[in-house]
Amino acid sequence: MLPLPSSDELLRDHLVQLLRAAADAAPLDPAAAEAVSAAVVQFLADQRLAPPLPDDYLHLLIYRALRSLNQNAAARAWAAAHLPGFDVPVFDPDVWPGPVPLIVWQLFASRLVRPARTVTAEGRILWTLDFRRLRKEQAGWLEIMLLPGLRTLLEQLAPAWDESAGAGLLGLRGLYAAGFAPTPRRRRKSKSHSAYAPLDAPAIRAFCLRVLAHLQGARGWHEMPEVLYLDLAAQAR
């Protein structure tokens, strides 16, 4: 009697079938398809994740595995077919060499946090976290979902600051729009920030600084990235 296939075997077979189905757009060697599926299954095992998982997350992992194996034409075709409208370059291995945990992907995919990677005039990397997608009524579960994800996100960004021994910039954008900072109004004394938010803008910044301070000690940085507000308060009306 043949043994029942394990969940890993089922997932590997499923991924191979997905890759074979996409072969018309960009031919992929069978051995490469096997290697990609094995890499994805191993990553999920390392992260202690098991199906069911979001299809888009699996599609992203396949894209990254294709890129890491230099199957660039197949990776581009895969992204065009399976990741429409998704900000693939953010998670491209050349930009984000570390792993992409599910909780970080969920933050990006839900548009709660949208990073933008730019280089300042001084040559330092500025990573921008954009909170404008967060609705005020969602703020009540901020600490439950966002802060653990934000911690993981900063831990994944840490290698970007290793070469400069911690010198760099982290920008926070959209805190006014998301209701975590009060918007000044003429002839009104009441605050206009979200009544649901258990945290305000300084608390979010302070959380980021605590995480970065821990990373500085753990990674032996000589400096710590600065955390900046990138928004001006909304103009009074």
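**Helix H3, between a pocket and a neighbouring helix**

In this predicted model, helix H3 provides the largest share of the lining of the largest pocket, namely 4 residues. The volume of that pocket is about 170 Å³, and the residues lining it are Ala39, Val40, Phe43, Leu61, Arg64, Ala65, Ser68, Pro93, Pro97, Pro99 and Val100. Two elements, helix H2 (30-46) and H3, each give two or more residues to this lining. In chemical character the lining divides into 9 nonpolar residues, 1 polar and 1 charged.

From the pocket the description can turn to the packing of H3 against the helix that follows in the numbering, where H3 spans residues 55-68 and H4 spans residues 72-82. The axes of these two helices lie 8 Å apart and meet at an angle of about 165°; because angles over 145 degrees count as roughly antiparallel, H3 is described as roughly antiparallel to H4. The crossing in which H3 passes H4 is left-handed.

On the side of H3, the contact is made by Asp56, His59, Ile62, Tyr63, Leu66 and Arg67, while H4 contributes Asn72, Ala74, Ala75, Trp78, Ala79 and His82. Taken together, the residues of this contact divide into 7 nonpolar, 3 polar and 2 charged.

Reading the two sites side by side, one finds Leu61, Arg64, Ala65 and Ser68 among the residues that line the largest pocket, whereas Ile62, Tyr63, Leu66 and Arg67 are among the H3 residues in contact with H4.

Note on methods:
Residues numbered from 1 in each chain as written. Predicted model: local features only at pLDDT ≥ 70, side-chain atom pairs only at ≥ 80, totals over all residues. Heavy atoms only, no water. Axes fitted to C-alpha atoms, helices over the stretch in contact; angles between N-to-C directions. Parallel < 35°, antiparallel > 145°, perpendicular 65-115°, else oblique. Left-handed = near helix turned anticlockwise from the far one by under 90°. Contact = heavy atoms within 4.5 Å. Nonpolar A, V, L, I, M, F, W, Y, C, P; charged D, E, K, R; others polar. 1 Å grid on protein atoms, 1.4 Å probe; cavity = no way out; pocket = protein on both sides within 12 Å on 5 of 7 lines; lining within 4 Å. Points joined across faces, edges and corners; volume = space filled by probe spheres on them.
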